[in-house]
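Me: Could you take one part of this model and go through it slowly with me, explaining how the strands and helices there are arranged? I am in my first year, so please spell out what the angles refer to.

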Amino acid sequence: MSAATLLEVDGIDVRLRSRRRASRRTGEARILAGVSLRVAPGEIVGVIGETGSGKTTLARSVLGLITPSAGTIRFEGADISALGGRQLRAFRRRGAIQLVFQDPLRSLDPDLDVATIVAEGLDIRGGLDEERRARQVARALELVGLEESVAARRPGEISGGQRQRVTIARAIVMEPKLLICDEPVSALDASNRNRILRLLRELRDRLGIAIVIISHDLASIAGVVDRVAVLYRGRIIEEGPPGEVFSLPAHPYTALLVASAPRISRARWRFDLAPEQLRGESPGAVAEGGCVFAARCRFLAARCREEPAPSGYGRGRTVACHRAAEWRGLLAGKPGA
Amino acid sequence: MSGSLPGPGLSASRESLEPRPELVLRVRGLSVEVATASGRIEAVRGVGFELRRGEAIGLVGESGSGKTLTCRAVLGALPAGCVLSGGTIELDGVDLAALDRSGWTSVRSTRVGAVFQDPASYLNPSLPVGEQLAEVIRVKGGKRRAAARGRALELLATMHLHRPAHVYQQIPAELSGGMLQRVMIAIAVACDPVLLVADEATTALDLTTQREVIDLLSELRERLGLAVVFVSHDLAAVAELCDRVAVFYAGEVVEIGDTVSVISAPSHPYTEALLRVGFLGSEEEAALEVIPGRHPRLGEASAGCRFAPRCAHRRESCSRPLGLTPAPAGGRVRCLRSPELALVGAELG
């Protein structure tokens with residue numbers, strides 16, 4: 001299995017100096033703690049996490065914009081977290097890992113036309129004659145389903161869905177092996193969201209690109225990812241195939257997340273717990289070093305003072321919860337919880 | 001309040017047991033025009049709905065569908081360049097559309113509360129949030145300083161903010177998005193309004209927080225008898241909170257009715273399409289359905305059915321102008337073919 005790994009994030013820690021005057025605690029905040037994530041070539045992996053979970057920090061670490069204080073990040077077998085200066089710049093110029101930004105209107109230069117925007121990475125990398133450059137730009141636009149006429153327009157003159165396609169074209173023109181998409185569809189309505197998710201799946205099928213979709217929202221990843229990892233306060237607390245994780249969550253936080261997601265039809269989900277059955281409130285119950293979800297967990301036990309490590313939970317699944325096997329049983333014992 | 005009901009939006013039957021609560025809001029024939037380089041264009045046309053005490057109605061649709069303009073019109077706060085070009089907005093029997101600026105201001109401060117998507121931008125970043133809330137109570141509610149402080153603390157507790165006295169002292173930057181939205185709701189209901197307008201108020205929040213805010217709004221409806229207009233592009237979020245739903249398309253209401261009927265037995269092909277693209281999360285669901293074509297831009301809408309160019313059921317007759325007619329499931333629908341179509345809704349569990 002490890003032979004087929006494209007990206008291998010292994011136990012990374014990211015600490016940032018806390019700048020919040022209000023928090024008064026001096027020293028550093030641990031944004032990511034022992035995060036491991038593997039992505040195989042051509043695989044689509046979803047990372048779901050809410051505000052403060054560290055999902056953007058994880059993306060920035062993989063892109064080499066943040067150096068982890070512990071752990072390694074390997075890409076095609078080479079440790080990229082150890083690269084510095086010239087080597088790191090050379091790796092980035094190659095463009096094997098590309099980022100798709102969240103907000104196309106703010107991440108696209110309003111004064112440039114679409115063709116120039118899409119070609120930017122190629123121009124920085126250099127070494128292409130005019131004809132090959134134009135050919136690659138045209139192919140990238142075609143791959144994302146944009147008509148040729150869009151090439152001459154500016155971001156302000158095209159629709160939101162088209163702009164999101166431009167940000168994807170700008171990434172795939174570099175022929176990357178891995179695409180990191182940070183909230184790629186959260187600004188779109190349901191129909192356009194599905195269009196972009198379909199496009200990502202199609203790019204994977206046609207080009208064999210691996211894709212990581214980072215989102216705070218279930219709807220942005222359900223139906224498209226092969227595997228999902230749930231991030232909570234810098235820890236991956238659960239991982240597995242989306243159908244299983246969303247229907248039968250092993251971690252109480254995943255369960256709360258799924259229960260909280262607005263749904264039109266409850267009948268289409270096997271999962272039928274209500275958020276109020278899962279919410280817990282014991283702020284301050286667990287000190288530093290315990291389970292990060294403890295303060296919100298309904299199933300808190302003495303063991304939770306020790307931080308649970310991710311462990312196997314059936315086939316292809318992991319969970320970091322001491323009570324993963326028992327919390328459901330406790331729920332049944334609490335009528336009308 | 002949760003009990004065994006699957007969700008607050010799915011509990012409409014409760015009403016039939018009691019006499020109907022009094023009417024709070026009646027919007028009729030509401031039209032809004034937008035000034036553009038090529039003259040005034042109608043952006044909202046002939047929108048009407050009613051809302052009783054303790055009821056919630058969801059206005060749902062894509063961006064540009066007119067849902068937000070409708071809600072801004074109800075607040076008397078249309079963006080620059082937009083004018084109310086027709087219709088009436090009756091709040092407790094008084095037509096707001098006929099009010100002048102100062103009349104609106106007094107209605108907005110006491111009878112109608114509003115919450116928007118980005119709470120931080122409505123608060124002073126350097127003042128403790130509790131003081132800002134107390135200020136509203138003092139100025140608009142005419143209370144003395146000490147009484148206002150007491151009421152503010154009470155309201156923060158009602159919003160389920162832990163340690164209200166502590167939160168009172170905090171500035172906006174020290175609070176999470178969900179906590180800020182609770183503070184905004186506290187400000188909105190501070191002077192006991194009859195109507196609360198929530199414009200994409202849960203859209204930018206995390207899932208767990210979004211649900212908490214929806215539950216809070218639901219609780220305020222029941223406890224205070226507050227009528228709620230809830231605007232969202234997310235039909236699922238609307239279904240969680242609202243008794244009734246109005247589906248907007250290209251500036252018009254295309255279907256309106258009680259939430260359960262509309263989502264389980266839609267009468268308009270656009271509603272059906274919205275339901276189809278919104279089905280997510282089940283294992284077999286990998287189709288990621290889309291609605292073909294695109295939503296018309298301002299001024300592009302045709303005389304007949306505005307959804308027709310994207311509709312699989314369109315006929316030539318769909319180019320004729322049409323109004324809302326009674327739908328089989330009890331609501332009203334703007335579709336010539338709806339009596340003969342067998343549209344598929346969501347299975348309610």
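Reply: Before we look at the sheet of chain B, one definition is needed: the angle between two elements is taken between their N-to-C directions and runs from 0 to 180 degrees. Please also keep in mind that this is a predicted model.

The sheet itself is open and consists of eight strands of chain B, which follow one another in the order E6-E7-E8-E3-E9-E10-E12-E11, with mixed pairing. Its edges are formed by strand E6 (112-115) and strand E11 (325-326) of chain B, each of which pairs on one side only.

Let us begin at the E6 edge. E6(B) pairs with strand E7 (residues 195-199) of chain B in the parallel sense, and four bridges join the two; within this pair, B:Gly113 stands opposite B:Leu196 of E7(B). Helix H6 (residues 177-189) of chain B packs on the sheet here, where it touches E6 and E7 of chain B, and its direction makes about 165° with that of E6(B).

A second helix reaches over other strands of chain B. Helix H1 (residues 67-74) of chain B lies across strand E3 (56-60), E7, strand E8 (227-232) and strand E9 (244-249) of that chain, and it runs at about 150° to E8(B). E7(B) therefore appears in the descriptions of both helices, since H6(B) touches it and H1(B) lies across it.

It is useful to set beside this a strand pair from chain A, a chain with eleven helices and twelve strands. Its radius of gyration is 21 Å, close to the 20 Å that the globule rule gives for 337 residues, so chain A is as compact as a globular protein of that length. In chain A, strand E6 (residues 97-100) and strand E7 (residues 178-182) pair in the parallel sense over four bridges, with A:Ile97 standing opposite A:Leu178 of E7(A).

Which side chains of this strand share a side follows a simple pattern, because in a regular strand the side chains alternate between the two faces of the sheet. In E6(A), A:Ile97 and A:Leu99 are on one side, while A:Gln98 and A:Val100 are on the other. These four residues are all buried, so both faces of E6(A) are covered, where buried means that 20 or more other C-beta atoms lie within 10 Å of the residue's own.

Conventions: Residues are numbered from 1 along each chain as its sequence is written. Chains are lettered from A and ligands numbered from 1 in the order in which they are written. This is a predicted model: local features need pLDDT of at least 70, side-chain atom pairs count only at pLDDT 80 or more; totals for chains, interfaces and linings use all residues. A residue is buried if 20 or more other C-beta atoms lie within 10 Å of its own, exposed if 12 or fewer, and partly exposed in between; C-beta atoms are placed from the backbone. Two strands pair if DSSP finds at least two bridges between them. The radius of gyration is taken over C-alpha atoms; the globule rule is 2.2 Å times the number of residues to the power 0.38. Two residues are in contact if their C-beta atoms, placed from the backbone, lie within 7 Å.
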